[in-house]
Amino acid sequence: MRAVQVREFGGPEVLVEAVLPEPVAGPGEVVVGVAYAAIDFVQTQLRRGYSPGPPLPGPPYVPGATVSGEVIGVGEGVDSGWVGRRVVTRTANAQGGYAERALAPADALVAVPGATSLADAAALHDDGATALGLMENAQVRPGEWVLVEAAGGGVGSLLVRLALAAGAQVVGAAASGAKRDLVRRLGAKAVDYTEPDWTDQVVALTGRGPDVVFDGVGGELGRAALAVVAPGGRFSIHGASSGSPTVAESGTDITVIPISQLFTFGEHTTRRVGQVLTGGLTPTIGQTLPLARAAAAHAAMEARTVTGKTLLVVS
């Protein structure tokens with residue numbers, strides 16, 4: 001089968017095409033004929049040999065933690081009724097998605113409703129479930145001001161949608177004009193976080209600072225956002241695309257929801273994916289590229305030129 005491998009750690013150029021044996025489902029597993037493989041920023045970090053949390057795979061490996069497609073085979077102990085069904089799922093050991101066929105645990109399968117495209121399902125699986133979990137933990141309330149960092153990305157744009165749907169007022173921070181335009185189209189205010197006074201702009205828009213911050217960037221940006229949280233507010237950490245997560249502790253004025261919250265999300269994934277697939281949440285898919293152009297997809301993500309979610313089209 002056709003696949004893309006990381007042969008060694010490095011830049012996007014280390015993603016190379018390969019012909020590999022067809023996977024065989026073991027006990028409790030299925031084989032999925034992959035239609036779409038989702039890409040997230042963590043995969044670009046793992047490819048470089050850096051892990052913000054997940055185990056670092058050893059090259060050569062096939063990246064890709066989430067796929068959508070059709071079940072084409074089942075292993076021992078798995079209901080054969082799954083064969084032929086459209087599904088979205090995490091891959092076995094969170095690897096192996098950049099390929100025509102992928103192994104997945106049967107208990108990770110989520111059936112894709114007929115009204116939902118396989119592309120939308122792949123885009124919503126990780127980012128939608130994560131955004132929903134972050135919203136639940138932060139307990140966003142009507143009328144509050146919410147600041148979303150990296151608001152033009154996959155998780156960020158969904159957080160903007162969910163916060164607005166919850167009745168909050170939203171400011172989205174994004175670097176490119178295209179991403180800020182997306183934030184405004186979604187119904188939120190937008191600021192450019194590359195401008196030196198961007199946090200002053202956030203305070204001016206919100207009146208006293210945001211009640212909730214969703215920090216998926218960390219580093220200098222995260223520290224700047226932390227400094228303007230309104231008294232009694234919440235600072236929710238879910239990523240470190242800058243290379244280092246924000247270091248913060250709860251105090252008398254604000255509550256910090258640490259990045260370790262993500263470790264508890266796994267047990268709720270199936271429920272949350274089901275909710276976002278049936279709840280009318282629409283992802284922004286900014287880039288779809290064929291499997292053979294996985295390197296170009298990674299390069300665009302690292303250059304921060306893509307709005308929304310990036311998908312590889314496999315079949």
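A charge counts as sitting over a ring when NZ of Lys or CZ of Arg is within 6 Å of the ring centre and within 35 degrees of the ring normal. Keep that in mind for the first stop, and remember that you're looking at a predicted model.

**Charges over rings.** Select Trp82 and Arg85: the charged end of Arg85 sits over the Trp82 ring, 4.6 Å from its centre. Then jump to Phe265, where Arg272 lies over the face, at 4.9 Å from the ring centre. Don't go hunting for aromatic pairs, though; the count comes to 0.

**Gln5.** Next, pick Gln5 in strand β1, residues 2-6. Is Gln5 buried or exposed? It counts as buried, because its relative accessibility is 11% and the cut-off for buried is under 20%. Show side chains and you'll find a polar contact between those of Gln5 and Arg7, at 2.8 Å. Beyond its sequence neighbours up to four places away, Gln5 touches residues including Val14, Leu20, Tyr61 and Pro60.

**Pro60.** Since you have Pro60 lit up, check the peptide bond joining it to Pro59: it's cis, with omega about -5°. Pro60 is in the loop between α1 (41-47) and β4 (66-74).

**The cores.** Now colour the largest nonpolar core, which has 38 residues; Val140, Val146, Val148, Leu159 and Phe214 touch the most other members. Elements giving two or more residues to this core include α2 (118-138), β8 (145-148) and β11 (212-215). The largest share, 9 residues, comes from α2. Centre on Phe214 and, leaving aside neighbours within four places in sequence, you'll see contacts with Leu134, Met135, Ser236 and His238, among others. Apart from this core lies another, of 33 residues, with Tyr61, Val78, Ala99 and Ala102 among them. In soluble globular proteins, nonpolar side chains tend to be buried together.

**Two positive phi values.** Which way does phi go at Gln139, positive or negative? Positive, near 50°, in a residue other than glycine. Gln139 lies in the loop between α2 and β8 and is exposed, with a relative accessible area of 54%. Ala94 also has a positive phi, near 55°. Look for Ala94 in the loop between β5 (86-90) and β6; it's partly exposed, at 30%.

**Last stop, Asp107.** Finish in the loop between β6 (101-105) and β7 (110-111), where Asp107 is placed. With 66% relative accessibility, Asp107 counts as exposed. Draw a distance to Glu29: the two residues are 78 apart along the chain, yet their C-alpha atoms are separated by 8.2 Å.

Note on methods. Residues numbered from 1 in each chain as written. Predicted model: local features only at pLDDT ≥ 70, side-chain atom pairs only at ≥ 80, totals over all residues. Heavy atoms only, no water. Phe/Tyr/Trp six-rings, centres within 6.5 Å; stacked < 30°, edge-to-face > 60°. Helix = DSSP H or I, 4+ residues; strand = E, 2+ residues; numbered from the N terminus. Buried < 20%, exposed > 50% of the residue type's maximum accessible area, 1.4 Å probe, protein only. Polar contact = N/O pair within 3.5 Å; in protein donor to acceptor, adjacent residues only side chain to side chain. Contact = heavy atoms within 4.5 Å. Core = buried A, V, L, I, M, F, W, Y, C linked by side-chain atoms within 4.5 Å.
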